[in-house]
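Hi there,

Here is the structure I promised to pass on to you. Have a look at it first, and then read on for what turned up.

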Amino acid sequence: MSSRDKILQQVKQHQPSTRALPKVEIAVEDKDWLADFKARLETLHVAVFEVSDNNSIGTIIQNNSKATDRIVTTMASLKDYAVHIDRVEEDAHQLENVELAIIPAHFGVAENGAVWVTDALIKYRVLPFIAQQLAVVISKRNILANMHQAYSRITNTNYEFAVFIAGPSKTADIEQSLVLGAHGPKSMMVFITD
Amino acid sequence: MSHTKNTIAHADAAAVFNKDEARVNWHDKTLWFIREKRDKISHSIDEWEQLREYASQIKNNVLSNLSEYLQQFEANAITNGITVHWAADAAEHNAIVHRILKQHNIDRMVKSKSMLTEECGLNEYLEASGIEVIDTDLGERIVQLAAEPPSHIVLPCIHKKKEEIGELFHEHLGTEKGASDPEYLTAAARQHLRETFLTRRAALTGVNFAVAETGEFVVCTNEGNADMGAHLADVHIACMGIEKIIPQQQHLSVFLRLLARSATGQPITTYSSHFKKPQPQQQMHIVLVDNGRSIHLGKEDFRNALKCIRCGACMNTCPVYRRSGGHSYHNAVAGPIGSILTPNMDMKKNADLPFASTLCGSCTNVCPVKIDIHDQLYKWRQVIVQEGYAPTAKKASMNVMGWVLSSPKIYDMAGKAARWTLRNTPFVVNNKLNPWFKEREMPAAPKQSFKEWYKTNRKIHE
């Protein structure tokens, strides 16, 4: 008998009689969650900018970077300010020297500051991790209260890889001292658009 | 680089840890600080208790339908293009990983945190076969360089001082001698591991949750090391215990709300990565590991321990863990949860662990999936004594105790003798041979027993 069959048989034999699955229902206050989202992002060391148009994003990016920095974006609307990546053309390892990556997110979650990003939005899965700095663009109309709302939105959407990102990469492994920039981005900006 | 497994009994290993009182106090305080952060953030969620109840019920449902969910997960993962492997035990798990690496002629691999691979001894096995494994979680890399196992499932080097880490990095990564600033040391590790990520063709990750409904799996990290490894590699191997299955994608909402808050007091980990399909030109493998779990599932009193989501909250709150250190539990998973999981695998080797507890119940109170941890500790003690695995000294003293307690006359005499001894010849008991006097002073013994006192007083008041 294969290990698979042996394991499944033993599990079947030992599993207890069926216990019902609960229906998860958490009431959510009906309100605008933007202020909570912004406040949460600040606790995650994220720089938050409310912007009216792409020009404002471009200006902030330019003010925060050097001319020699490699800046890339997966958003066609920002191609005046960064090198536009619209499809996978090269080996992902070539992204190693990206200083700043600007990507969109589907929505943000107020309770934890996480933004939901799928592979279609980033082209290269490694992009939001390998860049030294990350900027995420999100519409203020897409701020949800909590993770239950988030998964209601995610159900039945298509992705091959997706990730919740909540701030820059970090570690506190050395004596519980928080250090930003463990392996991924050392800093993160969130641009909130209309 | 392999580490030596500690097989000294918990109490003896704890005694060694306790020699440095200042360090014990520091360790205790650091973990309590994390417990307090967990309290603060959990109290800020109105529905916290409701979430714990949901999580517990979902996990009960999982255990009661595990064989069906495993097959559903397997079918969906295969449809997604993932190769699924089944390992009955640690040896088979290690052999599967080795075979995959050999097929691709890979002899160097990066690995993000996986307590399962610690449980299976994968690093040691692969290194013996000439394959280099580099742990990429900062804490895990630190203990790997120190040739030690992790001492905590979430905070692998919580037992180490920054000066010791500075010394290790000086030796292995060439940092400045005497440098111990966490920011400086983290930057050095970032540089060293970036080069590693860019040059390794295989990455192994753990799995936090595997969704039966969709065939996807979720990996949570703060550092981004699982993603850096997996996305840059030709081969991604994810290893999971069979109990990591959850039924539906929407259930992730409950578990992701509970996990990081319980673990470190954060609202969520920086990254919660959902892996559904391999990238083009990439291979993705999942190894489903039993290693005693299917037997454990059949033990009614103990099966709830399989609900564990590995947050480590029970360790941070445990007065014994905080003062004895993770290494004294001689297993990949230490603390209260380790003490109820490991006797299932090897009762003789782990017979000491259910006794490494005060049974205060704090672990049960903080557990996000409502495992009855302290009740199980108590039940394990009875099983261990019945099966004849109790430590000899404990067995002898329990026999004497049983004899004394079975007769009121002997009990009265023994009490009298003990009080007399403590008052007049304390050195008879207060010595190295009596473990009750280790790190403890006994209170002054009263002249009479409660029974005698009650008799006299009742007479006065009648």
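Let me start where the two chains meet: A:Ile165 stands opposite B:Tyr271, a residue of strand 9 of chain B. This is a predicted model, so please read everything below in that light. The two strands involved are strand 9 of chain A and strand 9 (residues 271-275) of chain B, which run antiparallel and are joined by five bridges.

That pairing is part of an open sheet of eight strands, built from both chains in the order 8(A)-5(A)-6(A)-9(A)-9(B)-6(B)-5(B)-8(B). The pairing in this sheet is mixed. At its edges are strand 8 (143-144) of chain A and strand 8 (245-246) of chain B, each of which pairs on one side only.

Moving along the chain A part of this sheet, strand 9 (residues 161-165) pairs with strand 6 of chain A in the antiparallel sense, over four bridges. Within that pair, A:Val117 has A:Val163 as its bridge partner. Strand 6 (residues 115-118) of chain A is covered on both faces. A:Val115 and A:Val117 lie on one side, A:Trp116 and A:Thr118 on the other, and all four are buried.

Strand 6 of chain A also pairs with strand 5 (residues 107-109) of chain A, again in the antiparallel sense, over two bridges. Here A:Val115 is the bridge partner of A:Gly108. The two strands form a hairpin with five residues between them, and A:Gly113 in the turn has a positive phi of about 75°.

Chain A has another sheet for you to look at. This open sheet has six strands in the order 1-12-7-4-2-3, and its pairing is parallel. Its edge strands are strand 1 (46-50) and strand 3 (83-84) of chain A, each pairing on one side only. Inside the sheet, strand 7 (residues 133-139) and strand 12 (residues 187-193) of chain A are paired in the parallel sense over seven bridges. One of the partnerships there links A:Val137 with A:Phe191 of strand 12.

Which strands does helix 2 of chain A touch as it packs on the sheet? Helix 2 (residues 34-43) touches strand 1, strand 7 and strand 12 of chain A, and its direction makes about 145° with that of strand 1. Helix 3 (residues 54-63) of chain A lies across strand 1, strand 2 (71-73), strand 4 (100-104), strand 7 and strand 12, running at about 160° to strand 12 of chain A.

Now to chain B, which holds 21 helices and 10 strands. Its radius of gyration is 25 Å, close to the 23 Å that the globule rule gives for 462 residues, so chain B is as compact as a globular protein of that length. Along the principal axes, its C-alpha atoms fill a box of roughly 90 × 55 × 45 Å. Buried residues make up 60% of the 462 residues in chain B. Of the contacts in chain B with a separation of 6 or more, 74% are between residues 24 or more positions apart. Chain B exposes about 19400 Å², of which carbon and sulfur atoms supply 54%.

One helix pair in chain B may also interest you. The axes of helix 8 (residues 138-145) and helix 9 (residues 162-173) of chain B come within 10 Å and cross at roughly 70°. The two helices are therefore roughly perpendicular to each other. B:Leu138, B:Ile142 and B:Leu145 in helix 8 meet B:Ile165, B:Leu168, B:Phe169 and B:His172 in helix 9 of chain B.

Best wishes

Conventions
Residues are numbered from 1 along each chain as its sequence is written. Chains are lettered from A and ligands numbered from 1 in the order in which they are written. This is a predicted model: local features need pLDDT of at least 70, side-chain atom pairs count only at pLDDT 80 or more; totals for chains, interfaces and linings use all residues. Side-chain values use heavy atoms; hydrogens and water are left out. Two strands pair if DSSP finds at least two bridges between them. Contact means heavy atoms within 4.5 Å. Axes are lines fitted to C-alpha atoms, for helices over the stretch in contact, and angles run from 0 to 180 degrees between N-to-C directions. The radius of gyration is taken over C-alpha atoms; the globule rule is 2.2 Å times the number of residues to the power 0.38. Buried means under 20% relative accessible area, exposed over 50%, partly exposed in between (1.4 Å probe, protein chains only). Accessible areas come from the Shrake-Rupley method with a 1.4 Å probe; for residues, only the protein chains shown count as cover. Angles under 35 degrees count as roughly parallel, over 145 as roughly antiparallel, 65 to 115 as roughly perpendicular and the rest as oblique.
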